[in-house]
Each structure stands twice: as structure tokens, then as C-alpha cells.
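Student: Before we go through this structure together, could you show it to me, and then justify the terms you use for it as we go along?

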Amino acid sequence: MKRIRNLTSVNSLLRPAAVPAINASPSLLLRSSASTVASAAEIPETPSPELQPQLLSTLPPSRNPLASAKLPALHARLNLHPNYPIQTLARALVDPSADKDLRFTNQNLTTLGNTLTGYYAAEYLMVTYPRLPTEVLYAAVSAYVGNKALASLGREWGIESAFEPTADVDAGLLQFSRLAPGVDPKAALHRDPNAGSTLEHAMANLVRSVFAGVYLHEGLSATKQFFRQHVLSRKLDVDKLFDFTQPTRELSRLCAREGFEPPVARLLAETGRHSRHPVFVVGVYSGSELIGEGHGGSLDEARIRAAVNALKGWYLYSPPEKDLPSKTEESRDAKFKPAYIDPGEVIV
Amino acid sequence: MPVTPLRLISKSQNGVGAFVLQCKRMEFNYCDWAGSSKGMNSFLKHHLPKFAKANPQIEITVSPRPHKHPIIRSEYINGREKVICVRNLEHNQILQKAELLRNSSGLKLRRVTKPVSSMNESVRGIFSPFHGTGYAI
């Protein structure tokens, strides 16, 4: 498994925005105090022009995070460590559609955050539910860290968006430029994400950028804790993600593959058979063992529910000891028990 | 494939993991001329700095609202806002109102009749007449 690069090599993502007060090179400070004649000779060695950010003479308020009241409030609301600077949070709030310059937008942070959130959600689900079918696994990951889920999370963090990403906008607002009305968002985002964005897309990218900031400034274990507290604490009923088409057929293929006795549906209880509201309780047996039970208003409905419950009982198996693979990232000698690996989905 | 997924999103459970204070913004409006704003002016001088420091998650704004009663307007994460007119109140009473707004969730006031409200199904299960002992077909 590829190790995530350590902090020192990822600093290139956080090349600082051109803020003279914070990023003042020694030459500037010398020039202000010394005489103009002598200053030219005193300039120390500066890095090559391509690497130094272009210093702007006046800053628009949206590039001045220290003037915003919303940013420290957001910082405190998320309980971020003092090591996490306000400037990174401000940068996370600027979508690529708001600014052409990569140094001021959250594009790089989004990429990193996307990798982190996707990885942590996937590993958690794979270890907790090793037998989950692939499509359902993807849906579950999307339910935790997809665009809609992260956009909802961003709203719950109290982040508002600016109508237009102009220069006088508060640095604590999400800045992105909207698509024209009537434009198909998916096609437009696919074509050129820098031309315009939807609120959902921008909000989701913002949340990813915040995660990236936590990783860069606070470290790996803090990122995992942040993920557990904000994403994994959300409620997701994985059993509600299933949509079966022929559960009885699938169940009999599964029993054949696993070497169980073929499933037989038996009526366990019933009432009101010829009345307006009958209730049937059907159990699916493999040999003498009950593997699933379902109820319904008709015999067929109860039988199908029973098959569905039997399949869910199989797919939603969760091993008692769960060791996440990323446990080994934190300490090399952590005792790691490999996750249970399932043979695969049932081929019908 | 026989199994197709349904597209759902996870629901937030504020406080289960991280707790996010629902009050995100408070605006204090005072008046230099009105007598009803005396308590508010005193509150702003003596209590507000400590209140703001104790609640860094709330964005606090102070602005004059001439020739009007003093109010506290708070905005919440669910988008609603609550306004309390604090005319003729003493500074400690205004602090109580500010704390009340801070502790609120922004939802409309509603009567709570049930002792427990939860997203999870019951631990002991709902009664079923078909699963008792010796239910014979």
C-alpha cells in the first residue's frame, strides 16, 4: 500500500498567497528602514523570480483573511488546532471558478482532501462490511463523502456563499462563480470546472479542502480523528442501500456457491388469510437453520422479504475485530490483523 | 447485476462526534439617545468582551440603531434567526438573554411530549404477536 507522503514534501501545495504583511521578504523590510541609496547593495539573496510569489501592492478584502470575523468563528466552530492558520481556511473558501490563479484557489487542497476522504471512507466500509457488493459499497462511500453529503456537511458548518466572487466580499464566505441559468451542471463541470460551478460542487470541494488543511497542518492522526468526528459520526443505514431485483434466485445461487443446503421457504405464522388485511410470516430455511424471515400481506411478498433479509444477513456481515489498514500509517509496529476478504459477489 | 444500490446520503448527528454550536452570528444593536438602551450600553461595555471570548464560534457584530429599542439578533445554522428586544433591561438580564440565544438551536419553539426522540430503532423491538412462544400454524 502506498504510504501517504509525509508533511514536509507536501508543503508545495501550500505555497503562500501573496500577503505582504505575512510573506515579507527580508529585502522589503530593509528597504523601508535603510536609505534608498544604500538599499540596492544590501538586498540579500532571494530565490529565483519564478518561485517567488508576485507581491500585490493592495489586497482586496477577500484576500485579507485577518479582516474577516467569519473566519475565526468558523475556525473555532470546527475546533481546529491553533497550528491551522486562518489563511489556509480562507484559501479553502475560494473555488477555482472565482480566481484564475492556482495560488489563491482551493484546487490543490481539494485534490488532496478528495483522496483522504475517499480513502478513509472506503477503508472503513470495506473493513466493517467485507461482503458488501461493489455497487452498494460505492453508494455507501458516496453517502458518506460524495458531493451531496459533503455539501450538506458544509452547510451544517454554517458556511455561507457570496453571490458573486468580487473583490469586496468577506473572506469567510464561499467564493465561486455560478453557472448561467438553464445550463446542464454536469456537462458544464465536466467541460470546464473553472468557468462556473454549482453551490453543491463548490461546497463539497470546500469541505475537502478543509480536510486537506487538517492533514497538512495538524498531521495524520488529527485528520483521522476529524474524519471520525465529522463524517463517520453521521448516520447511514447501510441495509437501506440495497435494491434487489430477484432475491430468491440470488439466494439459491449463494447457497449453492457456499455449499449450504438449498433454501426452502416455510410459513411460520399467519392471520386473516381471506380477510382484507392478511399477515403472513415466512422463514427461509437452509436445512434446519433459519437464515431469513419476512412478513407481508401476501405469501409472495413475505417470501421475497424473507429472501431479502437472508441476503442482507449475508452481505452485512461485520467481523468482530476490525483493524483499519491506515493503523499501520501511524506506527510501524502496530499489531495489524488483516481484514476479512470475501470471495466476491454472487454470480446469478 | 441483481443488486442495484439506492442513492442516499448520511444524516448528521450533531454531538455524536463533533459538536457544532448552532448559533453562528449575533448582532447587538444599541442606541446612544434612547433611555431603553442604557442596560444594553452597559452590557456592551462590561459583559460583551467576556461573552465574545467565551464563545469564539459566534461572529459578533455591534452596531448602532439610532432612535430604536436595543435588540439582539442571532442567526443559526438552519438559516433561521431569532430577535429579542432588550429594552429597559439591566445588563445582567441582557447577558441572560444573550446566553439564551446562544444555547438555542434556531428551531421554532415546539412542545416536547415524548421523553426520547431518536433516529435509531428501539433496542427491545416492537411487539409482535407472531413471534411469541409456541405460536402454532
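Tutor: Let us begin inside chain A of this predicted model, where the buried residues of helix 8 of chain A are covered by elements that include helix 7, helix 10 (199-218) and helix 11 of chain A. The residues in question are A:Ala149, A:Leu150, A:Ala151, A:Ser152, A:Leu153 and A:Gly154. Just after helix 8 of chain A comes A:Gly158, which takes a positive phi of about 80°.

Student: What makes A:Arg131 a buried residue?

Tutor: The term applies under 20% relative accessible area, and A:Arg131 has a value of 14%, so A:Arg131 is buried. A:Asp342, with a relative accessible area of 16%, is buried by the same cut-off.

Student: Why is the pair of A:Arg131 and A:Asp342 called a salt bridge?

Tutor: The rule asks for a side-chain nitrogen of Lys or Arg within 4 Å of a carboxyl oxygen of Asp or Glu. The closest N and O atoms of A:Arg131 and A:Asp342 are 3.5 Å apart, and therefore the pair qualifies. A:Arg131 lies in the loop between helix 6 (107-128) and helix 7 of chain A, while A:Asp342 belongs to the segment after helix 14 (327-330) of chain A, so the pair ties together parts that are 211 residues apart in sequence.

Student: How do you know that A:Glu258 is to be called partly exposed?

Tutor: Partly exposed covers the range between under 20%, which is buried, and over 50%, which is exposed; A:Glu258 has 28% relative accessibility and therefore counts as partly exposed. A:Arg257, with a relative accessible area of 33%, is also partly exposed, and the side chains of A:Glu258 and A:Arg257 meet in a salt bridge at 3.0 Å, N to O.

Student: Which residues form the salt bridge that links strand 3 and strand 2 of chain B?

Tutor: They are B:Glu59 and B:Arg25, whose closest N and O atoms are 3.3 Å apart. B:Glu59 lies in strand 3 (residues 59-64) of chain B and B:Arg25 in strand 2 (residues 23-30) of chain B, so the pair ties together parts that are 34 residues apart in sequence. B:Glu59 counts as buried at 10% relative accessibility, and B:Arg25 counts as buried at 16%. Both residues belong to a network in which salt bridges that share partners join A:Lys70, A:Glu160, B:Lys24, B:Arg25, B:Glu27, B:Glu59 and B:Glu75.

Student: What makes B:Lys24 and A:Glu160 a salt bridge?

Tutor: Their side chains meet at 2.9 Å, N to O, and the limit is 4 Å, so the pair satisfies the rule. Across the interface of chain A and chain B the rule finds 2 salt bridges, whereas a search of the whole structure finds 19 over all chains.

Student: How many residues of each chain are in contact at that interface?

Tutor: On chain A, 47 residues are in contact with 33 residues of chain B. The two chains bury about 3,400 Å² between them, of which 59% is on carbon and sulfur atoms. A:Arg77, A:Lys235 and A:Asp243 supply 20% of the area that chain A buries against chain B, more than any other three residues.

Student: How many residue pairs are in polar contact there, and which element gives the most to chain A's side?

Tutor: The count is 13 residue pairs in polar contact between chain A and chain B, and helix 7 of chain A gives the most to the side that touches chain B, with 7 residues. That side of chain A divides into 24 nonpolar, 8 polar and 15 charged residues.

Student: Why can strand 1 of chain A and strand 1 of chain B be called paired?

Tutor: Pairing requires at least two bridges, and strand 1 of chain A and strand 1 (residues 3-5) of chain B have 3 bridges in the antiparallel sense, so they pair. One of the bridge partners is B:Pro5, which partners A:Phe242.

Student: What joins strand 3 of chain A to strand 4 of chain A?

Tutor: They run antiparallel and are joined by 7 bridges, with A:Gly283 opposite A:Glu293 in strand 4 of chain A. The two strands form a hairpin with 2 residues between them, and A:Gly287 in the turn has a positive phi of about 75°.

Terms used: Residues are numbered from 1 along each chain as its sequence is written. Chains are lettered from A and ligands numbered from 1 in the order in which they are written. This is a predicted model: local features need pLDDT of at least 70, side-chain atom pairs count only at pLDDT 80 or more; totals for chains, interfaces and linings use all residues. Side-chain values use heavy atoms; hydrogens and water are left out. Contact means heavy atoms within 4.5 Å. Buried area is the accessible area (1.4 Å probe) that two parts lose on being put together, summed over both. A polar contact is a pair of N or O atoms within 3.5 Å; within protein, one must be able to donate a hydrogen and the other to accept it, and residues adjacent in sequence count only if both atoms are side-chain atoms. Helices (H or I, at least four residues) and strands (E, at least two) are DSSP runs, numbered from the N terminus. Ala, Val, Leu, Ile, Met, Phe, Trp, Tyr, Cys and Pro count as nonpolar, Asp, Glu, Lys and Arg as charged, and the others, Gly among them, as polar. Buried means under 20% relative accessible area, exposed over 50%, partly exposed in between (1.4 Å probe, protein chains only).
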